[in-house]
Amino acid sequence: AVTHSPQPTRLPLCKSTPKHSIPPAPHTMNPPRIPRGPAVVLGITTSVTLYAIFYSHFQQVRDKAVMRAGVERDKERIRMKKQAAKEAVDSIEGGGRGGSAGEAR
C-alpha cells in the first residue's frame, strides 16, 4: 500500500484570500492624521493670504474708481474753462458792435 504524504498547503499568490483570514497591517487601522499645530498654522496662513489677496483687489478697484472720477472732474473743469473763455471772447467782440441801450451815454 502506497501512502501519500499530505502536501503542505500553499497560500494563493493572488489576493483571492478572504479578508478575515489576514489581519490588516497596523498602519491601515488608523489613517495618518496631520498634527494639530501644523494644521492650525496652515489654516491661519491660508486665511491671511486669501484676505490679503481680496483686500488688495478691492483696494485697487476702489483706487481706480477714484482716479477715474478725478479724470472726469478734470475734463469737466477744462470744458468749463473753454466755455468761459469762449464767452469772454464773444462778449468782447459783441461789446464793440453796438452794445445794449444801457451802455450808450
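## Exposure and the overall picture

A residue is called buried when its relative accessible area is under 20%, exposed when that area is over 50%, and partly exposed in between. Tyr55 has a relative accessible area of 47%, so Tyr55 is partly exposed. The same cut-offs apply to the other residues described here. The model is predicted.

The chain has 105 residues, and 1% of them count as buried. Its accessible surface comes to about 10700 Å². Carbon and sulfur atoms account for 64% of that surface. As for secondary structure, the chain has two helices and zero strands. Helix 2 covers residues 36-95. The details below belong to that stretch.

## The aromatic pair

How many aromatic pairs does the structure hold? It holds one. The partners are Tyr51 and Tyr55, and their rings are stacked. The ring centres lie 6.0 Å apart, with 20° between the planes. Planes under 30 degrees apart count as stacked, so the 20° angle fits that class.

Both tyrosines lie in helix 2. Four residues separate Tyr51 from Tyr55, which is about one turn of the helix. Are the two rings' residues exposed or partly exposed? Tyr51 has 58% relative accessibility and counts as exposed. Tyr55, at 47%, is partly exposed. The cut-off for exposed is over 50%, so Tyr51 passes it and Tyr55 does not.

## A nonpolar patch and a serine contact

Which residues make the nonpolar surface patch? They are Leu50, Ile53, Phe54 and Phe58. The patch measures about 420 Å². Ile53 sits in helix 2. Its relative accessible area is 47%, so Ile53 is partly exposed. A patch residue needs over 30% relative accessible area, and Ile53 meets that condition because its value is 47%.

Ser47 is also found in helix 2. Its side chain reaches the backbone oxygen of Gly43. The distance is 2.9 Å. Ser47 is partly exposed, with a relative accessible area of 47%.

## Three salt bridges

Side chains of opposite charge can pair when their charged atoms come close. How many salt bridges does a search of the whole structure find? It finds three. A salt bridge needs a side-chain nitrogen of Lys or Arg within 4 Å of a carboxyl oxygen of Asp or Glu.

Start with Arg68 and Glu72. Their side chains meet in a salt bridge, at 2.9 Å from N to O. That distance is within 4 Å, so the pair qualifies. Both residues lie in helix 2, four residues apart. That spacing is about one turn of the helix. Arg68 is partly exposed at 45% relative accessibility. Glu72 is partly exposed as well, with a relative accessible area of 39%.

## The bridges of Asp74 and Glu76

Asp74 and Arg77 form another of the salt bridges, again with 2.9 Å from N to O. Both lie in helix 2. They are three residues apart, about one turn of the helix. Asp74 has a relative accessible area of 34%, so Asp74 is partly exposed. Arg77 is partly exposed too, at 48%.

Glu76 and Arg79 make a salt bridge as well. What is its N to O distance? The distance is 2.5 Å. A polar contact of 2.5 Å also joins the side chains of Glu76 and Arg79. These residues lie in helix 2, three residues apart, which is about one turn of the helix. Glu76 is partly exposed, with a relative accessible area of 38%. Arg79 is partly exposed, with a value of 43%. Both values fall between 20% and 50%, so neither Glu76 nor Arg79 counts as buried or exposed.

Methods. Residues numbered from 1 in each chain as written. Predicted model: local features only at pLDDT ≥ 70, side-chain atom pairs only at ≥ 80, totals over all residues. Heavy atoms only, no water. Patch = residues over 30% accessible without salt bridge, like charges linked within 9 Å, V, L, I, M, F, W, Y side chains within 5 Å. Areas by Shrake-Rupley, 256 points an atom, 1.4 Å probe, with all protein chains shown as cover. Buried < 20%, exposed > 50% of the residue type's maximum accessible area, 1.4 Å probe, protein only. Phe/Tyr/Trp six-rings, centres within 6.5 Å; stacked < 30°, edge-to-face > 60°. Polar contact = N/O pair within 3.5 Å; in protein donor to acceptor, adjacent residues only side chain to side chain.
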